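Q: Got a minute to go through this one with me? I'd like to talk about domains, chain contacts and cores.

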Amino acid sequence: MKRLLVFVLLFLFGVMIPVGCTADSPDTRNPGRTDTNVLSIYNWSTYIDPDVITQFEQEYDVRVQYDTYESNDALLAKIQPGNPGYDIIVPTSDFVEGMAAQGLLKPLNHDNIPNLVNVDPAFLDTPFDPGNEYSVPYQWGTAGIGYNIEATGEEITSWAQMFDPKFAGKVALLEDSRAMLGVVLIALGKNPNTTDPAEIKAAVDYIVEHKDVVATFAPDTGQDLLDQGEVAIAVEWSGDVFQVMEENENIRYVIPEEGTIVWTDNLAIPTGARNPEMAEKFINFILEPEIGAKISNYVKFGSPNKAAIEQGLIAEEDLNNPGIYPSPETFNNLEYAQELGGDTQLFDDAWTELKVAIGQ
Amino acid sequence: MRNALTLERRWDLAIRFLGRVGLWGITLAALLFLYLPIAILVIYSFNTSRLNAVWRGFTLDWYRSLFAGIGESGADVITGQIWDALFNSLWVGGIATVVATVFGTMVALALERFKFRQKTALEALLFLPIIIPDITMGISLLVFFSLVFQLIQTVTGVRLVLGLPTVIIGHIAFNISYVAVTVRSRIAELDPALEEAAQDLGANEWRTFYRVTLPLIFPGILSGALLAFTLSLDDFVITFFTAGVGSTTLPVFVYGMIKLSVTPAINAISTLMLMASFLIVLASLALQRRSLQL
Amino acid sequence: MFNRIQTHLATATNRRRLNLAVLVIPATVWLFFFFVLPLFMVLLYSVLERGTYGGVEWQFTLSNYERLFNPIYWGVLGRSLWLALFTTVACLLVGYPLAFFIASRPPQWRNTLLLLVIIPFWTNFLVRIYAWIIILRQEGVINVLLSSLHLINQPLDLLFNSFAVTVGLVYGYLPFMILPLYATLERFDFALLDAAQDLGANDLKTFVRIVLPLTLRGIVAGSLLVFIPAVGEFITPDILGGAKTLMMGNLVQNQFLGARHWPFGSVLSIVMIVIVLIPILIYFRVADEKLKAN
């Protein structure tokens, strides 16, 4: 009995010692305290060059508290009942529209964000946020095809090519109903934002018809499978594939000729932010050409910062990569996923039917 | 007659042999099964690749980055986030385990040692948190907390927000059930006569509990506590929805990496946790040895 | 005299009542506030209209329940139940010998061994799953090993099928089986086995007639702790199985997140609760009555 107690105590000590060490750090563990000298950022993990945060902390004499989430859907559900105190969030294009419509975002004061002039006009005044009332673009990218040239033996240029029966069991699709059905709709010459059930059904039928090529629906792990050679082709977000390309020379990324879905992640201030002034300073800081370039060079997505590109601050190999910075013609083929309100359910129901049809 | 006996005897010996071999064999196979992925996890913490996918070469950089500039100003921000997340996880797991183990053991005792009318209702209540999907529990807790906080703000003017306390509250709520079910299975196999005998000998209830019941059910409590701690360390969904500013735990941080890639830094910190756990086990073994010798 | 006995009995009953209350109240109050009250909101949501962006509109409707008549959902539920059952049986087959082995070691080794079995689960879940991909993939650990031994000519397809899902699920849920089993096996007096053998029973008979019945409660507890959460599992089947089949957990998660249909998510959660909880309660009722009959 005594031995057991010693055992448990030791165990608890092991747990408590590291905790005891950090409990002293003043502000983290006091969630109830409103501290004007803290900026709370809610973003994906490692979706920023860490130097940028350090630099901002030093220049503005502020402490950045960085918390993380894993999907836009989760972010929306989380802040819907009330903002627990974040100053900056980074929702993707269509979610900006939905959040603004619900009053979850605080309008920006453009006087405090003079660096907005640095942004490429192509990313300003977008359909999801007219006049950039609530958000400014942070990074942008596309959904496209990553492929291993050795395994495919040919360049991939279109969505239709990917569904060729010769790639049986070699393709990873994306486990994301809006994006995956969206690109198939584009491949079929339809609008990816359609709310016509017949068109969505056609996209489902197309995938079911070609189900033999599908090895897996990857929840954003397609680039790993590509790297491992488990699949030859993967539908993935652009930046994910570029990360593998840095290490594996056989991997390529293409924006298919039919076009695809484009997205931007945007900086926004949620209603109820504790430190909105500092948040606007942060947004302005991110829009500095040097800072914007630093982030894009780190995360390998496209920078909407035109000044950064013009001043030659973006890594050259990225700038020459048509997958990251496509030609104007390709760019015109790209479409934003739009907020569909209650009709998002159509895509989810279609996805359920797809899985049931494939699953048996 | 004699022949038949030997045959039966041989049969028995064969069964015994098979049983022994089978027991050792399955145990070793199971340990291999448990530790093979862990070995891979540890090996890949030394991988030069940013992705957790293909081996590209040996490096200590991930460990170096974890220890880079700790305690100095200008420490790597992401490193700081990982350590903060780990400590949050341990803090939440530690407190939730202790509280849930105490509450769960108490309710398990009540269910096995007492008869009362609402027993079935209590049993149902205890199974509910195990059955309910994480996402449903997470979102309902989120909505509940925000309603309560609004109420408190209108009545008292104090503004409460989500944070580590709400995460711990949620963890305790689902852990109680796991502890109760585990401890209960232990108590059910105990003979109540032992406790009655102790009381007949004049021990009061507290003494009986402390001297007789507690030592007897301790392995059950230990099992329950381990289960609770394991669940707490790994929970993502409920933690996510009850967390606030500054209460990101390790699983929440790791899921947030899915957008880019789950780097070997996570393998490295997992490896450090493993090493720390093994060291604690070794230390307690050494202590045991000494106390045995004394 | 008679009066004194009566008051004595009365105080004894009161004391028992007080003890019962002390044992039950903390867990019940905690669960009432942080589980039952939030759960009531789930019940309420299930009869409200969906909000456009998630949440609910305060308008009564039964349409969410009408959707249940769609046979698709019952197919998904059936598959989830089947997968959970399969996982439970597999966990029992691996977990029982392991728990038995640990419990039959000398006492000073038991806790160490138990911790050795649990510690792997303190590493991050996602990284562990990634490790399984590395093991199972076509150029993975198993295939490389087998082909270097010339046992296979071409790589086996181990990933993205039900084999991978089973391996992943058994791996993930093993502690839930081992810990309750250990809790009941540990008290087992292995001297009893020798006694049985002295009386001429062979090992198999001893095991079936003595060991198994005495650890039945552990088996039940472990099976429940594996089966119930496994019904809502979906991350492992998604990553290792290729997400080609839909699980109950996917459905619920998608309703709350992607489809933003909280009311239907609530309905599905309630269906899961009812379908899983009722058989369990019936089982405990029957077991209780059997006990009384004996």
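A: Sure. One thing up front: the domain bounds we'll use come from an automatic or database domain assignment, and the model itself is predicted.

Q: OK, which domains does chain A get from the assignment?
A: Domain 1 of chain A covers 34-140 + 263-328, and domain 2 covers 141-261 + 334-359. Taken over C-alpha atoms, their centres are 27 Å apart.

Q: How many residues of domain 1 of chain A are in contact with domain 2 of chain A?
A: On the domain 1 side there are 17 residues, in contact with 14 residues of domain 2 of chain A.

Q: And which elements give two or more residues to that domain 1 side?
A: Helix H4 (93-101) and strand S4 (135-148) of chain A. H4(A) has the largest share there, with four residues.

Q: What's the make-up of that side by class?
A: The domain 1 side that touches domain 2 of chain A has eight nonpolar, six polar and three charged residues.

Q: Switching to chain B, how is that one divided?
A: Chain B has domain 1 (1-39), domain 2 (45-75 + 264-294) and domain 3 (86-262). Between the centres of domain 1 and domain 3 of chain B there are 39 Å, again over C-alpha atoms.

Q: What about chain B against chain C, how many residues are in contact?
A: 78 residues of chain B with 76 residues of chain C. Several helices of chain B give two or more residues to this side, including H3 (77-113), H6 (164-188) and H11 (264-293).

Q: Which one gives the largest share?
A: H1(B), which supplies 15 residues of the side of chain B that touches chain C. By class, that side of chain B has 53 nonpolar, 17 polar and eight charged residues.

Q: Now the cores. How many residues are in the largest nonpolar one?
A: 277 residues. Those with the most contacts inside this core are A:Val171, A:Val183, A:Ile233, B:Val107 and C:Tyr182. H3(B) gives the largest share of the core, 19 residues.

Q: Let's zoom in on A:Val183. What does it touch, leaving out residues up to four places away in sequence?
A: A:Val183 touches A:Ala143, A:Trp159, A:Val235, A:Thr260 and A:Ile261 on that count.

Q: And which residues are in the second, separate core?
A: That second core has five residues, among them A:Ala293, A:Ile309, A:Leu313 and A:Ile314.

Technical notes:
Residues are numbered from 1 along each chain as its sequence is written. Chains are lettered from A and ligands numbered from 1 in the order in which they are written. This is a predicted model: local features need pLDDT of at least 70, side-chain atom pairs count only at pLDDT 80 or more; totals for chains, interfaces and linings use all residues. Two residues are in contact if their C-beta atoms, placed from the backbone, lie within 7 Å. Ala, Val, Leu, Ile, Met, Phe, Trp, Tyr, Cys and Pro count as nonpolar, Asp, Glu, Lys and Arg as charged, and the others, Gly among them, as polar. A nonpolar core is a set of buried Ala, Val, Leu, Ile, Met, Phe, Trp, Tyr and Cys residues joined through C-beta atoms within 7 Å. A residue is buried if 20 or more other C-beta atoms lie within 10 Å of its own, exposed if 12 or fewer, and partly exposed in between; C-beta atoms are placed from the backbone.
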